[in-house]
There are 2 protein chains.
Amino acid sequence: MELKNKKILIADDEPDILEIIRFNLEAEGYTVFTAKNGDEAIIEAKKHLPDLIILDIMMPGKTGIETCNLLRINPAFTDTIIIFLTALSDETTEIKGLETGADDYLTKPISPKVLVSKINSLFRRISKEESPVLHAGELQIDRERYIIIYKGEDIILARKEFELLALLASRPGKVFLRNEILNQVWGTEVIVGDRTIDVHIRKIRQKLQLDCITTVKGVGYKFDL
Amino acid sequence: MELKNKKILIADDEPDILEIIRFNLEAEGYTVFTAKNGDEAIIEAKKHLPDLIILDIMMPGKTGIETCNLLRINPAFTDTIIIFLTALSDETTEIKGLETGADDYLTKPISPKVLVSKINSLFRRISKEESPVLHAGELQIDRERYIIIYKGEDIILARKEFELLALLASRPGKVFLRNEILNQVWGTEVIVGDRTIDVHIRKIRQKLQLDCITTVKGVGYKFDL
DNA sequence: CTTTTTGCTTAACAATTTGATAATATTTAA
DNA sequence: TTAAATATTATCAAATTGTTAAGCAAAAAG
């Protein structure tokens, strides 16, 4: 299962529905929060700032539509995807929902597969601008943001360190010769001493606190795990 | 009737359906093109570059799904909204459609009102992404009025400062190289000294009283939080 | 039309970070 | 065991950025 790193909040007064949806979305790798009514939904939304909110229309207290209106007032939720969930296949309700500022609606009974598909599809549209990230186990190398993420922690490397690590991690397992490293990271023009690479390798190992670079004596270095 | 200035292409082999949809969308102010099958749809799409394409799944020759796949290969249509239209409420087809890269689907018989609502809603989401007001936490950047609002307070930045901040904030987290910044804010013609960017960055930091621009030494600057 | 203000750029210098090296210690392979 | 290769550490020069003030040009005000 891939880690989606997206937060979804579901508000419905029927616990069964909540759990079915939660189960399916968590199986897809989403992080799920739940709320039993509109007021709770607003509180949870402010707390977790989810990327997507599923609101049942018929709930005790505030309806999904009212909840949506209240959320949309807050600038923090103008970009949040909001979907309505309703037992009514009533046309008027559908339209009201969309005009209110929801992004889509789903009618109950909803098949989990369709739900998940629809949500993936909505995220696909939004997340076109995601940065190119190199994943290697728990390690993420974000070229665009120029940071390393290890177990959720941001690690900042200096330029040479970053590029050296990015090079090695670009092909896990491959041994890079010292010459290859020099050419790729320093360029063919620059000439640096023998120990320069070692020192940078050391700094990476130190900052990452993780044994992911293996020395192959007489040959070079490789990234693993 | 408002002028929507959006182009929609509809592909369906049933002339009645085409006309019903055309009528309703034109009444909403959209410009509508039609096609009788998948091949025609591709030709029309290339000719008019519509903002949204409605594809019937069951068509003689290419199916809507095949047509969608062919369109998505072309970079010109990666951002185009594609909706499937189908008489089948068959789940499998639905899912195939969404996984194919369609943004939504509609099942026939479809009420014109729901169709129009759904389309408006999809456009609303897209146009939000191009909205002149950029939200980043408590910070609002109004590109139209050249104004920054932070926690309700208006902050006035000079043009260059504003454009620099707007650029950085347009993709929070992304590191902009000094060259990128120069090209985007100053243009490729103008050549300015080394310290110019720094001075503007400093003024932004000073006026905003907010630590939102991070220096990545040797690389560039990025906006965060 | 002149004065004042504002915005942009530059220069000069300070502060900071980075990267390379040298010196020394440790490890590894034959 | 021993020579070669690599690790470690501290140090320093170079590269990079931060800061400030000053000079102009254009816009705004008088």
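**Close-up 1. B:Glu14 counts as partly exposed, because it has 14 C-beta neighbours inside 10 Å.** A residue needs 20 or more such neighbours to be buried and 12 or fewer to be exposed, so B:Glu14 falls in between. The model shown here is predicted. B:Glu14 sits in a loop of chain B. Strand S1 (7–11) and helix H1 (15–27) flank that loop. B:Asp56 is 42 residues away from B:Glu14 along the chain. In space, the C-alpha atoms of B:Glu14 and B:Asp56 are separated by 9.4 Å.

**Close-up 2. B:Tyr146 occupies the loop between strands S7 (139–142) and S8 (147–150) of chain B.** B:Tyr146 has 14 C-beta neighbours inside 10 Å and therefore counts as partly exposed. B:Val133 is 13 residues from B:Tyr146 in sequence. Their C-alpha atoms are 9.8 Å apart.

**Close-up 3. Helices H2 (residues 38–48) and H3 (residues 64–73) of chain A cross at roughly 30°.** Their axes come within 9 Å. Angles under 35 degrees count as roughly parallel, so H2(A) and H3(A) are roughly parallel to each other. The crossing of H2(A) and H3(A) is right-handed. H2(A) brings A:Gly38, A:Ala41, A:Ile42 and A:Ala45 to the contact. H3(A) answers with A:Gly64, A:Glu66, A:Thr67, A:Leu70 and A:Leu71. By class, this contact holds five nonpolar residues, three polar and one charged. For context, chain A as a whole has eight helices and 12 strands. Its length is 225 residues, of which 32% count as buried. Among contacts in chain A between residues at least 6 apart in sequence, 56% join residues at least 24 apart.

**Close-up 4. Helices H6 (residues 159–170) and H7 (residues 178–186) of chain B pack at an angle of about 125°.** Their axes are 10 Å apart. An angle of about 125° lies outside the parallel, perpendicular and antiparallel ranges, so H6(B) and H7(B) are oblique to each other. The crossing of H6(B) and H7(B) is right-handed. From H6(B) come B:Lys160, B:Glu163, B:Leu164 and B:Leu167. They meet B:Ile181, B:Gln184 and B:Val185 in H7(B). Four residues of this contact are nonpolar, one is polar and two are charged.

**Close-up 5. DNA strand C is surrounded by 23 residues.** The closest are A:Ala158, A:Gly193, B:Ala158, B:Val192 and B:Gly193. Helices H6 (159–170) and H8 of chain A each supply at least two residues of the surface near DNA strand C. H6 and H8 of chain B each do so as well. The class count for this surface is eight nonpolar, five polar and 10 charged residues.

**Close-up 6. DNA strand D has 18 residues around it.** A:Asp198, A:Arg202, A:Thr215, B:Asp198 and B:Thr215 are the closest. Two elements give two or more residues to the surface near DNA strand D: helix H8 (196–208) of chain A and helix H8 (196–208) of chain B. H8(A) gives the most, with five residues. The surface near DNA strand D has four nonpolar, four polar and 10 charged residues.

How values were computed
Residues are numbered from 1 along each chain as its sequence is written. Chains are lettered from A and ligands numbered from 1 in the order in which they are written. This is a predicted model: local features need pLDDT of at least 70, side-chain atom pairs count only at pLDDT 80 or more; totals for chains, interfaces and linings use all residues. Axes are lines fitted to C-alpha atoms, for helices over the stretch in contact, and angles run from 0 to 180 degrees between N-to-C directions. Helices (H or I, at least four residues) and strands (E, at least two) are DSSP runs, numbered from the N terminus. Angles under 35 degrees count as roughly parallel, over 145 as roughly antiparallel, 65 to 115 as roughly perpendicular and the rest as oblique. A crossing is left-handed if the near helix is turned anticlockwise from the far one by less than a right angle, and right-handed if clockwise. Two residues are in contact if their C-beta atoms, placed from the backbone, lie within 7 Å. Ala, Val, Leu, Ile, Met, Phe, Trp, Tyr, Cys and Pro count as nonpolar, Asp, Glu, Lys and Arg as charged, and the others, Gly among them, as polar. A residue is near a molecule or strand if its C-beta atom, placed from the backbone, lies within 6 Å of it.
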